[in-house]
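Visitor: Could you take me through this model, one question at a time, with the reasoning set out before each answer?

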Amino acid sequence: MSTPTAFVVGHPIKHSRSPLIHGYWLAEHGLEGSYERVDVAPEEFESFFRGFEHRGFRGGNVTIPHKEAAFRLADVTTERARRLEAANTLWIEDGRVHADNTDVIGFIANLDQELGRWGARTALVLGAGGAARGVVAGLLERGVEKIVLANRTDGKGRELANFEPARIEPIAWSEIPCRLAEAELLVNTTLLGMAGQPPLEVDLAPLPGYATVTDIVYMPLETPLLAQARARGLRTVDGLGMLLHQAVPGFARWFGVTPKVTPQLRALVEADIERRR
Ligand code: NAP
């Protein structure tokens, strides 16, 4: 049998950390296999998608800007991918291309690993972009009773609330300060706080002392939002774990071993983030 090979496809793709993560797991488990970056422009994606099996790939990860196209082109999709209308993990099974979206698993598994047993009646989610869809889907799956959703552009917040209107309340960006007091979990899914972007300007003083603050931005690892929460003595969870955990299901499909997110892997990727800052 040929050596199992997987890809990460995007445009651009050179900054992807996925090869580092999968390369670490291949070496850790002593597996033969490889994981390659493939840069494909949007107009070439369909042809790449139709031909990847013939090029010897068992599947791969899909990142910006191809997640929606990957979902549309797949033969079989999971319920999560259908909910998000976007796919980030592809594999061949019974001669057909299957597609899943593992951002949902990544977000929740990170909170599980960092917080142990956790729950929240009310979560305040900031942002309604691509990543927010996975976060909101994960919180709904996890039984969070109410999600208050603030987005700069109102229409996108209202659209995302259609996932489950009875449990998601879209609010205006200006309402954030007066909704903090009810939030047990605050999640930033916007670009704000990311290197090169302005910080997220929100005063966390009204948050209850038992609240957790999590940011899916992982560059830098401690965003100004997380630094403020830590200074207030609140529990914080950074975004790196989400990136690591979302990679687990794909590796298991392509290489046949379910890998673990360990402190050693985290340290390796942290060092890479530091190096490239
Ligand atoms: P996206 O689809 O472009 O969405 C961007 C979001 O940020 C939108 O809600 C947008 O609001 C908001 N935003 C941008 N500038 C803003 C501003 N000045 N004020 C208020 N809101 C603003 O991006 P994405 O794919 O969701 O990614 C968002 C972040 O999550 C990125 O930093 C990305 O690296 C990170 N991420 C992390 C992981 C992980 O594994 N940890 C996974 C995916 C993404 P509008 O709708 O008003 O434009």
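Guide: Before the helix pairs are discussed, one definition is needed: axes are lines fitted to C-alpha atoms, for helices over the stretch in contact, and angles run from 0 to 180 degrees between N-to-C directions. The model is predicted, and the values that follow should be read with that in mind.

Visitor: How are H1 and H11 oriented to each other?

Guide: The axes of helix H1 (residues 18–28) and helix H11 (residues 248–255) come within 11 Å and cross at roughly 50°. Their crossing is right-handed. Angles from 35 to 65 degrees fall outside the parallel and perpendicular classes, and H1 and H11 are therefore oblique to each other.

Visitor: Which hand does the crossing of H5 and H6 have?

Guide: Helix H5 (residues 103–115) packs against H6 with the axes 8 Å apart, at an angle of about 60°. H5 and H6 are therefore oblique to each other. As for the hand, the crossing in which H5 passes H6 is right-handed.

Visitor: Where does the largest pocket lie with respect to domain 1 and domain 2?

Guide: The largest pocket holds about 1,800 Å³ of space. Among the 49 residues lining this pocket, those closest to its centre are Ile-64, Lys-67, Ala-131, Leu-191 and Met-194. Two or more lining residues come from each of strand E3 (59–62), helix H3 (67–73), helix H6 (130–141) and helix H10 (240–246). Because domain 1 (5–102 + 247–275) and domain 2 (104–241) both contribute to the lining, the largest pocket lies between them.

Visitor: How many residues in the lining of the largest pocket are charged?

Guide: Sorted by class, the lining has 21 nonpolar and 19 polar residues. The remaining class is the charged one, and its count is 9.

Visitor: Which residue is joined to Pro-220 by a cis peptide bond?

Guide: Pro-220 is found in the loop between strand E11 (212–215) and helix H9 (224–231). The cis bond there has an omega of about 10°, while another cis bond, with omega about 0°, joins His-11 and Pro-12, the latter placed in the loop between strand E1 (5–10) and H1. The residue joined to Pro-220 is Met-219.

Visitor: What is the phi of Glu-85?

Guide: Glu-85 lies in the loop between helix H4 (79–84) and strand E5 (89–93). Although Glu-85 is not a glycine, its phi is positive, at about 55°.

Definitions and conventions. Residues numbered from 1 in each chain as written. Predicted model: local features only at pLDDT ≥ 70, side-chain atom pairs only at ≥ 80, totals over all residues. Heavy atoms only, no water. 1 Å grid on protein atoms, 1.4 Å probe; cavity = no way out; pocket = protein on both sides within 12 Å on 5 of 7 lines; lining within 4 Å. Points joined across faces, edges and corners; volume = space filled by probe spheres on them. Helix = DSSP H or I, 4+ residues; strand = E, 2+ residues; numbered from the N terminus. Nonpolar A, V, L, I, M, F, W, Y, C, P; charged D, E, K, R; others polar. Domains from an automatic or database assignment. Parallel < 35°, antiparallel > 145°, perpendicular 65-115°, else oblique. Left-handed = near helix turned anticlockwise from the far one by under 90°.
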